[in-house]
Amino acid sequence: MDIKLENLRHSTSHLMAAAVLELFPNAKPTLGPPTEDGFYYDFDELKISEDDLPKIEERMREIVKSWGMFEKLETSNSEAIEQYKNNPYKKELIEEHSKSGEKITLYKSGNFIDLCKGGHIENPQKELKYFKLLSVAGAYWRGNEKNKMLTRIYGTAFFSQKELDEYLKNIEEAKKRDHRKLGKELDLFHIDERVGLGLPLWHPKGAILWREIEDFWYKEHLKNGYGLVRTPHIGNSELWKTSGHLNFYNSSMYPPLEAGQALEEKQQGKKVDVSEEYYLKPMNCPFHLQIYSATPKSYRDLPLRWAECGTVYRYEKKGELSGLIRVRGFTQDDAHIICRKDQVEEELERVIDFIIYIYKSFGFEMDKVQVFLSLRDPDNKTKYAGDDTGWDFTEKVLRKVANKCKLNFTEEKGEAAFYGPKLDFKIKDALGRLWQCSTLQFDFNLPAKFGIEYTNDRGEKETPYMLHRALFGSYERFIGLLIEHYAGNFPTWLTPVQVKVLPITDKQLGYAKTVVDKLKTESIRVELDDRSETLGAKIRDAQKEKVAYMLIVGEREVKDGTVSERGRSGKDYGSMKLEEFIKNIKEEIDRKTIN
RNA sequence: GCCCAAGUGGCUCAGUGGUAGAGCAUCUUCUUGGUAAGAAGAGGGUCGUGGGUUCAAUUCCCACCUUGGGCUCCA
């Protein structure tokens, strides 16, 4: 972010803290940084709701009238601690800075003094004008769930009213493309409490979308040298013990299904001596490894690339669920590549190229995608399987390949999978939140845990490496983001209703039906609007459904054997022979491009 | 799970301490209209759920559930 804007927002957060403290003298200020879209400030001992925000804003506007330039106050660290003796949060920060040998600075403006390392605007009275407080939220101190939850106030600030208005308007516009809203309006899916939270139900139009995407995905995988596998939704507890999931992934798994007897017997209170436990799969990898170990493998068999759209179940906390983007049952477009050490780099590169190709196919250019290299947290040994040598090697190789592929990536410590480092590709949703889609994971643990091996060219057994990768990440999340990306105006090859035939009066119904039949035999997804409505109403409704093309047929078209084509952009393509329209739309569908 | 807010017919929303209303959608009838809403009539809601206060609760209070925005976590 622009440093001037950052300073403005940081300064506004000082002003907000000052206003909050005047209105709520018991509040304890903690941290208040600028963010990409604005700023926030966290307070302890502050109980407010969104209704309080206008009051705080009003006080900010009053206070700022008496504010001069931000004034730096030199102080000794011990004096600073004394000053904040009633605020354990600021005290903790000062003590921490002191430890690392930093000099503490305080900044004063008006009557408000805050612990701060600087970075303010020059003239508060003139510049702190165009701000708005947006929401109240809870946030754990230092982002740690085990710490106390503080009260966070979010706001934003700009250098002009125009920019502020534009920002607020953009948020409103973005809400219109929210996949939850469009999912309802376009009749794509819904989530039903009666079925279960986080378990989406796909309506016919949504299922077509999925189907088209899935067909595309299969074709591309076969082209790229993948084999297809299929595995069940549940697996025996022994499998998950071996994989380490029961150790490292326990809290995200649904509790086990006990078997060994039928439900009816159990309900009657009958006991069994031997019971078995099954878990809903949270991941597909252990199954794929079992397929590998079904027969002995030679170095000549590798690399093996096995893909499956596998539905997995993860017991996400309720507050984390969100539309299609965060669910409890979701279908990963998963694949595992099992290969020799000398093949790893090439296989990693191939996957990265594949990911980029897939994004392009759905209109996501790489500048819309943020890439992260997720590494282990070296200080947290309990979270990860495997030794340091393995981690060092896999992290180094992954970094090297990412650089070679010219990915613009950020490294993040502590974000690795328990079995290895990964490259994560994230896309923003309509509201600007980042969601992980593609992932490429370099696993040096599970193959050994499962004891899988191959015979090398000297007749010795070796343990292969394994890459886990998903391109969409999950169908649910990807389709959710796709809905927002296209704002429901899907390219013709994807769109659920490609053509809607609109007869002008009932007299053309017969002809309209022959048009529909013809299109159907050409595998074009077509609907007929046979209501006794005006053409205007039919157009309006088809437009709201976001169908790709409307074919209007009246007396003229019947006489000439033509159709009049209208695009959803409102464009009138005029009349043409039905055959010509079919030729055009089929070409467009085959090109898989946006109309 | 935690913090804040919301929850009224299929959808979008108005409303009130005296057992509910609009528009759209649905159904019926009329209308047969050339590029974004033709007309009339009808049906449809135990006002999220459970308690409490009250003569009386959809409205006030409490708890819970769900949804939205955050936090944590994550494909």
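**Nonpolar cores, an open sheet and the surface near RNA strand B**

In this predicted model, the largest nonpolar core comprises 86 residues, and the most contacts inside this core are made by Leu348, Ile355, Ile479, Val499, Val501 and Leu551. Helix H13 (residues 344–361) contributes the largest share, eight residues. Both domain 2 (189–252 + 276–486) and domain 3 (499–591) supply at least three residues to this core. Another core, of 25 residues, lies apart from it and includes Ala18, Leu128, Leu150 and Phe158. When neighbours within four places in sequence are left aside, Leu348 is in contact with Leu398, Val401, Leu440 and Leu467.

Four strands form an open sheet in the order E1-E2-E7-E6, and their pairing is antiparallel. Strand E1 (28–29) and E6 are the edge strands, each pairing on one side only. E1 and strand E2 (residues 39–44) run antiparallel and are joined by two bridges; Pro29 stands opposite Phe43 in E2.

Strands E6 (130–140) and E7 (149–158) also take part in the surface near RNA strand B, to which each supplies at least two residues. The same holds for strand E19 (434–443), strand E26 (562–567) and helices H7 (179–185), H16 (475–486), H18 (535–544) and H19 (555–560). Around RNA strand B there are 62 residues, of which Gly138, Gly319, Gln436, Gly473 and Gly554 come nearest. By residue class, this surface divides into 25 charged, 20 polar and 17 nonpolar residues.

Methods
Residues are numbered from 1 along each chain as its sequence is written. Chains are lettered from A and ligands numbered from 1 in the order in which they are written. This is a predicted model: local features need pLDDT of at least 70, side-chain atom pairs count only at pLDDT 80 or more; totals for chains, interfaces and linings use all residues. A residue is near a molecule or strand if its C-beta atom, placed from the backbone, lies within 6 Å of it. Ala, Val, Leu, Ile, Met, Phe, Trp, Tyr, Cys and Pro count as nonpolar, Asp, Glu, Lys and Arg as charged, and the others, Gly among them, as polar. A nonpolar core is a set of buried Ala, Val, Leu, Ile, Met, Phe, Trp, Tyr and Cys residues joined through C-beta atoms within 7 Å. A residue is buried if 20 or more other C-beta atoms lie within 10 Å of its own, exposed if 12 or fewer, and partly exposed in between; C-beta atoms are placed from the backbone. Domain bounds come from an automatic or database domain assignment. Two residues are in contact if their C-beta atoms, placed from the backbone, lie within 7 Å. Two strands pair if DSSP finds at least two bridges between them.
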